[in-house]
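Open the model in your viewer and colour it by secondary structure. The stops below say what to select next and what is there.

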Amino acid sequence: MRKLIMTAAAAAVLASGTAAFAAVKHTTGTIKSFDGTAMSLVLDKGATFTLPQTFKDPGLKVGEKVRVTWDMSGKDKIAEAVKIVK
């Protein structure tokens with residue numbers, strides 16, 4: 001019985017660590033470059049994001065401050081949402 005409880009506890013710890021690792025991230029910065037054709041966005045701090053094919057441009061322009069919600073796909077940062085902030 002003790003082994004069963006320890007195994008279940010270990011599995012719960014591992015599962016919670018994986019969920020935290022896969023969490024969506026947020027970055028705020030100023031647009032350095034935006035290419036709607038190449039589907040890429042670069043912020044002033046050097047962060048580069050790939051935009052999904054379904055991305056709808058909210059009117060992004062160089063110099064605007066944005067908040068990017070993103071996740072990793074391999075070694076690429078994939079933007080899930082880009083919002084202009086004031």
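Which pattern does the protein chain follow when read along the sequence? The pattern is α-β-β-β-β-β, that is, 1 helix and 5 strands. Keep in mind throughout that this is a predicted model.

**Whole chain**

Show the surface. The accessible surface of the protein chain comes to about 6,200 Å², and carbon and sulfur atoms account for 61% of this area. Of the 86 residues in the protein chain, 21% are buried. Turn to the contacts between residues at least 6 apart in sequence: 45% of these join residues at least 24 apart.

**β1 and β2**

Select residues 25-35, which are strand β1, and residues 40-43, which are strand β2. These two strands are antiparallel and pair over 4 bridges. To find one point of register, label S33, whose bridge partner in β2 is V42.

At the end of β1, pick D35, which lies in that strand. Is D35 buried or partly exposed? D35 has a relative accessible area of 34%, so it is partly exposed. Draw a distance from its C-alpha to that of L51: the two residues are 16 apart in sequence and 9.5 Å apart in space.

The hairpin of β1 and β2 has 4 residues between the strands. Select M39, in the loop between β1 and β2. M39 is not a glycine, yet its phi is positive, at about 55 degrees. Most residues other than glycine have a negative phi. M39 has 12% relative accessibility, and therefore counts as buried.

**β2 and β3**

Add residues 48-50, strand β3, which runs antiparallel to β2 and is joined to it by 3 bridges. Here L41 stands opposite F49 in β3. The hairpin formed by β2 and β3 has 4 residues between the strands. In its turn, select G46, which has a positive phi of about 95 degrees.

**The loop after β3**

Move on to F55, in the loop between β3 and β4. Why does F55 count as buried? Its relative accessibility is 18%, and the cut-off for buried is under 20%. Show what surrounds F55: leaving out residues up to four places away in sequence, it touches F34, M39, L60 and V82. Then draw the C-alpha to C-alpha distance from F55 to A79, which is 8.9 Å for a separation of 24 residues in sequence.

**β4 and β5**

Select residues 65-73 for strand β4 and residues 76-84 for strand β5. The two run antiparallel and are joined by 8 bridges. Their hairpin has 2 residues between the strands, and G74 takes a positive phi near 70 degrees there.

Within β4, pick T69. Its position opposite A81 in β5 gives a point of register for this pair. T69 is buried, because its relative accessible area is 18%, which falls under the 20% cut-off. Not counting neighbours within four places in sequence, T69 is in contact with V24, K25, H26, I78, A79, E80 and A81.

**The ring of W70**

Show the side chain of W70 together with K25 and K77. What sits over the ring of W70, 5.0 Å from its centre? It is the charged end of K77. The charged end of K25 also sits over this ring, 5.4 Å from its centre. If you are looking for ring-to-ring pairs as well, the model has 2 aromatic pairs.

**The nonpolar core**

For the last stop, show side chains in the largest nonpolar core, which has 14 residues. Those with the most contacts inside the core are L41, L43, F49, L51, V66, V68 and V82. Which strands each supply at least two residues of this core? They are β2, β4 and β5. The greatest contribution comes from β4, with 3 residues. In soluble globular proteins, nonpolar side chains tend to be buried together.

Finish by selecting L51 and its surroundings. Apart from neighbours within four places in sequence, L51 is in contact with F34, M39, S40, L41, A79 and V82. M39 was the buried loop residue with the positive phi, and V82 also touches F55.

How values were computed: Residues are numbered from 1 along each chain as its sequence is written. This is a predicted model: local features need pLDDT of at least 70, side-chain atom pairs count only at pLDDT 80 or more; totals for chains, interfaces and linings use all residues. Side-chain values use heavy atoms; hydrogens and water are left out. Two strands pair if DSSP finds at least two bridges between them. Rings of Phe, Tyr and Trp (its six-membered ring) pair if their centres lie within 6.5 Å; planes under 30 degrees apart count as stacked, over 60 as edge-to-face and the rest as tilted. A charge sits over a ring if NZ of Lys or CZ of Arg is within 6 Å of the ring centre and within 35 degrees of the ring normal. Buried means under 20% relative accessible area, exposed over 50%, partly exposed in between (1.4 Å probe, protein chains only). Contact means heavy atoms within 4.5 Å. Accessible areas come from the Shrake-Rupley method with a 1.4 Å probe; for residues, only the protein chains shown count as cover. A nonpolar core is a set of buried Ala, Val, Leu, Ile, Met, Phe, Trp, Tyr and Cys residues joined through side-chain atoms within 4.5 Å.
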